[in-house]
Amino acid sequence: MTTIVYWGGMGILSLVSLGVMGISGVSTPYQIDQPYSIYAMTFGEYYLLTVLCGYIASLLAASVTMLIAAKMRSANVAVCVPFFLFCVMPFIGRAFSAFLTFFKLTPDMLLNVIECAKDPNIFQIGNFVFRQIPCVLLLYFVISIILLPFVYRNYHRYGLK
């Protein structure tokens, strides 16, 4: 249901936005607007990246919410967790500037891809060097997919009782 609602909403938004503004600037390099960006992409690719990151964020929020609702048998608590992940974490990250590197890899960055592309954030763990957007994109996509069997198993048990 998350997939249907997200892609339906994004389809309508895209049709209206691109219908009104047009698509003539789709092949314009992003560096014209942000010269210090480390991502070599066009505005069209940037739009697709933003849509993809939003979809992964919605999958993650749905997976976490369903898992918590199944475990705690309470939708009230489960709804608060995505709100914390995507709305409260940015404020905590700004308050604790000592942990700034950690908060640049939290799930709320999926919804803040515009700011992530502006800042050249490169991380290193041992000999492995990676950029912020691909890391966040891959990490939370894998987490949301890994959570789905646990959600299914918990709802399956809940339905049998």
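Q: Which residues line the largest cavity in this predicted model, and how does one come to find such a space?
A: Rolling a probe the size of a water molecule over the atoms shows where empty space is left. In this predicted model, the lining of the largest cavity is made by Cys-53, Met-109, Leu-110, Val-113, Cys-116, Gln-132, Ile-133 and Val-136. Helix H5 and helix H6 (132-160) are the elements that give two or more residues to this lining, and H6 provides the largest share, three residues.

Q: What is the volume of the largest cavity, and how do its lining residues divide by class?
A: The volume of the largest cavity is about 30 Å³, and the structure holds one cavity of 30 Å³ or more. Seven residues of the lining are nonpolar and one is polar, while no charged residue takes part.

Q: How many helices and strands should I keep in mind while looking at the chain?
A: The chain has six helices and two strands, and along the sequence these follow the pattern α-α-α-α-α-β-β-α. For the overall dimensions, the C-alpha atoms fill a box of roughly 60 × 45 × 30 Å when it is taken along the principal axes.

Q: Turning to pockets, how much space lies in the largest pocket, and which residues lie nearest its centre?
A: The largest pocket holds about 450 Å³ of space. Its lining consists of 19 residues, and those nearest the centre are Leu-18, Met-21, Phe-43, Tyr-46 and Tyr-47. Helix H1 (2-21) and helix H2 (43-72) each contribute at least two residues to the lining of this pocket, and by class the lining is made up of twelve nonpolar and seven polar residues, with no charged ones.

Q: What is the volume of the second largest pocket, and which residues are the closest to its centre?
A: The second largest pocket has about 270 Å³ of volume. It is lined by 16 residues, and Arg-94, Lys-104, Asp-108, Met-109 and Asn-112 are the closest to its centre. Two or more lining residues come from each of helix H3 (75-95), helix H4 (100-103) and helix H5 (113-118), with H3 giving the largest share, four residues. By class, this lining divides into six nonpolar, five polar and five charged residues, whereas the lining of the largest pocket has no charged residues. Met-109 is among the residues closest to the centre of the second largest pocket, and Met-109 also lines the largest cavity.

Q: At what angle do the axes of H1 and H2 cross, and why are these helices described as roughly antiparallel?
A: The general idea is to compare the directions of the two helices from N to C, where an angle over 145 degrees counts as roughly antiparallel. Here the axes of H1 and H2 cross at roughly 150 degrees and come within 10 Å, and the two helices are therefore roughly antiparallel to each other. The crossing of H1 past H2 is right-handed. On the H1 side, the contact is made by Thr-2, Thr-3, Tyr-6, Trp-7, Met-10 and Ser-14, and on the H2 side by Tyr-47, Thr-50, Val-51, Gly-54, Tyr-55, Ser-58, Leu-59 and Ala-62. By class, eight of these contact residues are nonpolar, six are polar and none is charged. Tyr-47, which belongs to this contact, is also one of the residues nearest the centre of the largest pocket.

Q: How far apart are the axes of H2 and H3, and at what angle do these helices pack?
A: The axes of H2 and H3 are 8 Å apart, and the helices pack at an angle of about 145 degrees. H2 passes H3 in a crossing that is right-handed. From H2 the contact takes Ala-57, Leu-60, Ala-61, Val-64, Thr-65, Ile-68, Ala-69 and Met-72, and from H3 it takes Val-77, Ala-78, Val-79, Val-81, Pro-82 and Phe-86. The contact of H2 with H3 has 13 nonpolar residues, one polar residue and no charged residues.

Conventions. Residues numbered from 1 in each chain as written. Predicted model: local features only at pLDDT ≥ 70, side-chain atom pairs only at ≥ 80, totals over all residues. Heavy atoms only, no water. 1 Å grid on protein atoms, 1.4 Å probe; cavity = no way out; pocket = protein on both sides within 12 Å on 5 of 7 lines; lining within 4 Å. Points joined across faces, edges and corners; volume = space filled by probe spheres on them. Nonpolar A, V, L, I, M, F, W, Y, C, P; charged D, E, K, R; others polar. Axes fitted to C-alpha atoms, helices over the stretch in contact; angles between N-to-C directions. Parallel < 35°, antiparallel > 145°, perpendicular 65-115°, else oblique. Left-handed = near helix turned anticlockwise from the far one by under 90°. Contact = heavy atoms within 4.5 Å.
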